[in-house]
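Biologist: Please give me a close account of a single part of this structure, and place that part within the whole.

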Amino acid sequence: MTVDMDNADRLKPKGHSMKQQQQQQEESAGAAQSRVPKVSNPIQKNGTGCGEVRVVSHKHTPLFFSRWEMTSTDVLALLAISVVAVVVRCYGLSTPGSVVFDEVHFGKFAGKYINGTYFYDLHPPLAKMMFAVAGKLAGYDGVFDFKSIGLDYHAAGVPYVAMRLMPALLGAVTVPASFVVARACGYAADTAALAALLVCFENGLVTQSRLILLDSPLVFFTVLSLTAWSMFWTKQGQPFSRAWWFWLLTTGAMMGCAASCKWVGLFLFPAIGLSTVADLWDKIADLSITPAKWVSHLVARAVGLLAVPFAVYMLWFYVHFAVLSKTGDGRAMMTPEFQASLEGGLNVTTDRDVFYGSEIRIRSSNAASGYLHSHTHNWQHEKGSGQQQITLYSFADQNNIWVVEPAFNKTIDTSNGPVPVSDGDLIRLRHKITDKYLHSHDKKPALSSEDHKFELSGYGFPGFDGDSNDNFRVEILSGDKAMEGSDKTIQSIYTRFRLIHRNLGCAVFNSRKKLPKWAFEQIEVNCMRNCRPKMSTWHVEFARLPADNSTNTSNGTGADAQKGASVRKAQYRPLSVWGKIGEYNRLMANSNAHLTGDHPFAARPHHWPWLRRGTAYWGGLGNVIYQLGNPLVWWASFAAVVILFGMRAALFLLDKRQISVSLGGQRRRYFSAAGFFAMAWICHYVPFFLMGRELFIHHYFPALWMAILVLAFTLDLLTSRMPSVVRWSVYIAAAAVTLYGFHTFSYITYARMWTKDACVRAKWLSTWDFDCEHAIGGARSTKPPETLTSPPPPPSLVDILAADAELQKAPAEPKPAEARAVTATLGGPKHVHVKPKFINTESTLLESVSNAEHVEL
């Protein structure tokens with residue numbers, strides 16, 4: 001028994017007026033609808049009392065379907081809207097004339113592209129490359145480093161206005177694009193103009209598009225993706241035509257560009273994907289579409305919406321690596337194979353085979369890590385042993401050299417030549433510089449108190465042969481398929497292995513945690529039970545068997561058997577561009593997952609629609625930039641989304657009761673167009689609740705644009721049956737309220753001068769924490785008075801030597817190619833001591849360390 005429940009109206013007797021209404025809806029849709037035999041009485045009783053099954057019919061109606069063609073009036077409206085948008089976005093771009101917020105990062109990255117030096121960032125490359133192109137065209141030479149907020153652009157001659165102009169123009173394009181989307185969805189020009197106005201005068205979108213930040217390109221490509229998708233729907237009556245293909249492929253290309261700016265652009269895929277699935281499902285019911293034609297529709301969408309975005313995403317990464325061909329400060333985040341692919345990058349030549357008695361340097365196989373390391377300083381934490389520190393250190397130096405020896409109380413027969421270290425062997429590692437053995441015991445590591453983690457230390461003293469707590473079992477995980485035997489014996493570079501403590505059953509583990517200053521802020525390495533291989537996997541980067549080796553062997557022949565024989569060498573094989581793309585994306589995923597912190601202006605997703613707080617970008621003398629949206633637009637757009645879902649739920653219940661509510665004949669169009677953008681809003685908003693990373697209010701901007709369209713469509717629905725005068729009055733009131741909110745907060749959008757009293761009055765919510773002390777009349781609105789004092793005399797040689805002696809009292813970890821500078825200044829001697837540091841911010845997760853460029857053993 002089958003009943004057509006596609007629309008409750010079809011189950012009710014239809015009079016002449018209802019038929020006229022249906023005809024009008026079909027004409028406005030512009031579709032040549034296919035028909036299936038229709039049910040007059042869904043259920044008829046036959047003589048047996050059983051329900052007689054009849055063929056059910058319904059009309060196939062797309063999600064939103066309008067044969068819109070741009071008219072001369074539309075063109076004039078678009079020109080006017082575009083001019084206003086450009087003025088609003090580009091006004092006062094030169095203010096402030098200093099580095100603002102994350103311009104610190106993205107301006108610097110533009111310089112890296114111009115110079116071709118490699119860097120790492122946790123976002124895809126397209127938006128950053130666009131800034132580089134803008135800077136290059138404007139004459140930026142890539143020298144200015146953007147290293148801190150407030151640095152003066154004018155003094156350095158940086159063409160920052162031109163670099164800010166690019167995102168401003170992209171932001172301006174989103175305004176006329178909003179008009180086009182509304183018209184493509186079948187709405188009149190007044191509603192489309194209202195949607196454009198709401199987008200144009202939204203303070204948050206304006207602020208973000210006026211600076212060297214990634215979100216303006218992201219929003220731009222997101223908007224163009226959905227604009228092209230809306231235009232694609234206007235061509236549904238002409239499947240597989242040139243225009244149909246153009247808008248489908250343009251949608252896919254823009255989706256790929258959005259994902260290439262920030263991974264937030266990936267949220268377009270479920271939004272457009274769900275729309276595509278619903279459309280293909282509806283097409284199954286259209287008997288005018290043959291199965292072969294339906295498969296063609298499926299394949300076309302797979303090519304346009306999956307293959308094209310993927311190809312575009314890969315293309316921009318290919319360009320990224322083609323431009324960044326030289327080694328740079330971001331190489332430390334990458335694997336040695338990646339570093340070897342850069343000009344001037346890691347170039348290692350070492351003995352391939354690791355024998356008992358070999359001197360080796362062991363490297364953590366995880367990217368952005370370092371070498372197993374020890375030095376003449378002891379553990380100082382409360383529950384520690386006080387024995388010598390074992391750490392992970394990013395520089396290749398002599399304190400990373402270990403000698404492979406047999407296990408405690410065990411000897412190796414080398415009468416037939418050196419014996420390779422094999423899978424399952426019990427070995428000891430002796431630190432060459434200090435003669436301490438790698439050791440573990442029932443003591444807690446410095447940064448952890450869990451029962452399954454144990455301290456690693458260097459242990460031993462003259463006359464002491466060691467003990468069984470020095471023994472570690474070699475567990476080979478994998479080898480290089482091209483190198484025979486690398487999965488059975490340890491070969492430098494090619495073999496990946498773990499070191500398992502014989503007594504405790506724990507593995508040597510890279511915790512990735514920074515140790516305190518008393519351990520020189522190096523990385524903790526401990527011994528951990530039941531740990532995953534990812535952070536407990538190691539490989540030998542350098543190996544050498546000394547000619548005079550006689551390490552715990554029965555005959556002491558050592559390397560003599562190798563005399564005259566050629567020593568097989570190993571090198572890192574540079575990654576192909578595709579390998580680099582894969583590694584980079586894996587690292588981006590890992591960086592985003594671990595980007596946690598307590599940034600003072602971070603905001604969780606449940607705060608965004610209410611605009612609970614913004615983000616402080618910059619503070620000047622009498623003015624500030626504070627990222628805050630137009631609250632009237634934010635609150636109204638969120639209310640419109642809630643109203644839509646409320647109405648949809650209510651109408652669902654009424655439909656179940658067979659009560660027809662047509663919403664003034666606007667029901668299908670409203671729930672197709674506004675419903676689609678509400679669904680897209682969910683796809684761009686809800687996933688953030690699943691993220692543990694640090695989030696900011698600008699992550700809401702793509703969803704905000706979609707909510708604004710829902711607001712415009714909802715106002716159209718509410719006023720569609722009103723007299724024209726009343727409808728226009730509502731629209732004018734909405735525009736006036738929007739302009740009032742925009743003007744009120746334009747001071748923190750454009751860094752306009754305002755008074756402290758005006759600033760305080762603008763705090764509609766107590767949680768808005770923009771600093772009114774920067775406004776005129778505030779404590780930070782003027783420069784502090786300068787004091788004229790005579791400069792101190794230059795320091796004498798005695799002063800410099802005394803300061804140097806004082807510095808030497810604190811132990812310092814030796815670093816290769818490092819010079820400790822003593823600078824004589826007017827203020828006295830200044831000592832610069834460089835240490836490796838880890839930087840973890842919203843836009844970067846870098847390890848600012850350097851590796852030896854070429855080491856040959």
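Modeller: The secondary structure of this predicted chain comes to 21 helices and 24 strands, where helices (H or I, at least four residues) and strands (E, at least two) are DSSP runs numbered from the N terminus. Residues are numbered from 1 along each chain as its sequence is written, and side-chain values use heavy atoms, with hydrogens and water left out. Because the model is predicted, local features need pLDDT of at least 70 and side-chain atom pairs count only at pLDDT 80 or more, whereas totals for chains, interfaces and linings use all residues.

Of the 857 residues in the chain, 53% are buried; buried means under 20% relative accessible area, exposed over 50%, and partly exposed in between (1.4 Å probe, protein chains only). The exposed surface of the chain is about 37100 Å², of which carbon and sulfur atoms supply 60%; accessible areas come from the Shrake-Rupley method with a 1.4 Å probe, and for residues only the protein chains shown count as cover. Among contacts (heavy atoms within 4.5 Å) in the chain between residues at least 6 apart in sequence, 74% join residues at least 24 apart.

The part I have chosen is strand 4, which spans residues 359–364. Six of its six residues are buried, so strand 4 is largely enclosed by the rest of the structure. Its two faces are both covered: E359, R361 and R363 are buried on one side, and I360, I362 and S364 are buried on the other.

Strand 4 has pairing partners in strand 7 and strand 16, two strands being paired if DSSP finds at least two bridges between them. With strand 7 (residues 401–406), strand 4 pairs in the antiparallel sense over three bridges, and here R361 has I401 as its bridge partner. With strand 16 (residues 538–544), the pairing is also antiparallel and runs over six bridges; in this case S364 stands opposite W538.

E359 deserves particular attention within strand 4. Its relative accessibility is 12%, so E359 counts as buried. The side chain of E359 makes a polar contact with the side chain of K432 at 3.1 Å. A polar contact is a pair of N or O atoms within 3.5 Å; within protein, one must be able to donate a hydrogen and the other to accept it, and residues adjacent in sequence count only if both atoms are side-chain atoms. Apart from neighbours within four places in sequence, E359 touches I401, W402 and V403, K432 itself, and also F542, A543, R544 and P546.

The nonpolar cores provide the wider setting. A nonpolar core is a set of buried Ala, Val, Leu, Ile, Met, Phe, Trp, Tyr and Cys residues joined through side-chain atoms within 4.5 Å. The largest has 159 residues, and F677, F713 and F770 have the most contacts inside it. Helix 17 (residues 701–719) gives the most to this core, with 14 residues. A second, separate core of 31 residues includes I362, V404, V421 and C506. I362 is thus a residue of strand 4 that belongs to this second core. In soluble globular proteins, nonpolar side chains tend to be buried together.

Returning to the largest core, F713 is in contact with A182, C185, Y187, T191, Y670, A673, A674 and F677, not counting residues up to four places away in sequence. Helix 6 covers residues 160–184, and its 25 residues reach 37 Å from the first C-alpha to the last. That span is close to the 36 Å expected at 1.5 Å a residue, the expected value being 1.5 Å times one less than the number of residues. As 20 of the 25 residues are buried, helix 6 is largely enclosed by the rest of the structure. Just after helix 6, G186 takes a positive phi of about 95 degrees.

Some backbone features elsewhere complete the account. Most residues other than glycine have a negative phi, and most peptide bonds are trans. R512, in strand 14 (residues 507–514), has a positive phi near 65 degrees and is partly exposed, with a relative accessible area of 39%. F101 lies in the loop between helix 2 and helix 3 and has a positive phi of about 45 degrees; its relative accessibility of 9% makes F101 buried. P96 is found in the loop between helix 2 (72–90) and helix 3 (103–115), and the peptide bond from T95 to P96 is cis, with omega near -5 degrees.
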